[in-house]
Amino acid sequence: MYDVAIIGAGPTGASAALFTAKAGKKTLVIDNDKSVTKRAWIENHYGVAEITGQDLVETGKQQARKFGAEIVTATVTNVSKTDNGFKVETDQSEFEASHVIIATGMMADLAEKVGLTTKPGTEPRIKTILDVDAAGKTNIDGIWAAGTIAGVSMHTIITAGDGAKVAINLISELNGERYVDHDILKK
């Protein structure tokens, strides 16, 4: 049983996983390895002079793994409510998690199948997004959404930040108090 299952390991999902794993939450990331970010050339990501999308995605996964996130390559086919949280089914196996973060970028098919409330997208080429509150919560308690699927701009710096924001909100809810993660320079 995972504390959180994150669907998608692009900048949004990997950023969320970095925070949840670093906070000691048992984190699973399921990724189908089809992120559009992998085709990008990026020169507008703060703190990074320039990078391929492929390298940005791999770096994000490495950072999440450093803190204990488990990353599996599979396609999620369904998410359903259980007595203890959620069953996340993939084309290869199934997992259980207390909470789920949807970070599927432009892809809304899974979210619609699960029964999450959608609305028209506002970004160019984004037809459908999830209807989430300011914290990233969807209409199904325990399922959160972040990044482009949650209506933020496709820019990697923005989706990564949104993944972090939603993760912080989820961690805060699990802990019962506001969670803050600040590293201090080691001398």
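Strands β7 and β8 are joined by a hairpin that runs through three residues, in what is a predicted model. On its other side, β7 also forms a hairpin with β6, with four residues between the two strands. The points below follow this strand region first, then the nonpolar cores, and then features of the surface and loops.

**Strands β6, β7 and β8**

- Strand β7 covers residues 86-90 and shows two faces, of which the covered one is made of F86, V88 and T90, while the uncovered one carries K87 and E89.
- The pairing of β7 with β8 (residues 94-102) is antiparallel and extends over four bridges, and within it K87 has E96 of β8 as its bridge partner.
- The pairing of β6 (residues 76-81) with β7 is likewise antiparallel and is made by five bridges, with N78 standing opposite E89 of β7.
- In the turn of the β6-β7 hairpin, G85 has a positive phi of about 150°.

**Nonpolar cores**

- The largest nonpolar core holds 26 residues, and those with the most contacts inside it are I30, V79, V100, I102, L116 and I143.
- Two or more residues of this core are given by each of β1 (2-7), β2 (27-31), β6, β7, β8, α3 and β11 (143-145), and the largest share, four residues, comes from β8.
- Another core, which lies apart from that one, has 17 residues, among them A9, A16, A21 and V29.
- When neighbours within four places in sequence are left aside, L116 is in contact with I102, A111, L130, T138, N139, I140 and I143.

**Surface and loops**

- A nonpolar patch on the surface is formed by V36, M106 and M107, which together have about 240 Å² of accessible area.
- Within this patch, M106 belongs to the loop between β8 and α3 (109-114); M106 counts as partly exposed because its relative accessibility is 32%, a value that falls between the limits of 20% for buried and 50% for exposed.
- D83 is placed in the loop between β6 and β7, and D83 counts as exposed because its relative accessible area is 83%, where the class requires over 50%.
- Although D83 and E123 are 40 residues apart along the chain, the separation that can be stated in space is that of their C-alpha atoms, which is 37 Å.

Conventions: Residues are numbered from 1 along each chain as its sequence is written. This is a predicted model: local features need pLDDT of at least 70, side-chain atom pairs count only at pLDDT 80 or more; totals for chains, interfaces and linings use all residues. Side-chain values use heavy atoms; hydrogens and water are left out. Buried means under 20% relative accessible area, exposed over 50%, partly exposed in between (1.4 Å probe, protein chains only). Two strands pair if DSSP finds at least two bridges between them. Patches are made of residues with over 30% relative accessible area and no salt bridge: like charges are joined within 9 Å, nonpolar side chains (Val, Leu, Ile, Met, Phe, Trp, Tyr) within 5 Å. Accessible areas come from the Shrake-Rupley method with a 1.4 Å probe; for residues, only the protein chains shown count as cover. A salt bridge is a side-chain nitrogen of Lys or Arg within 4 Å of a carboxyl oxygen of Asp or Glu. A nonpolar core is a set of buried Ala, Val, Leu, Ile, Met, Phe, Trp, Tyr and Cys residues joined through side-chain atoms within 4.5 Å. Contact means heavy atoms within 4.5 Å.
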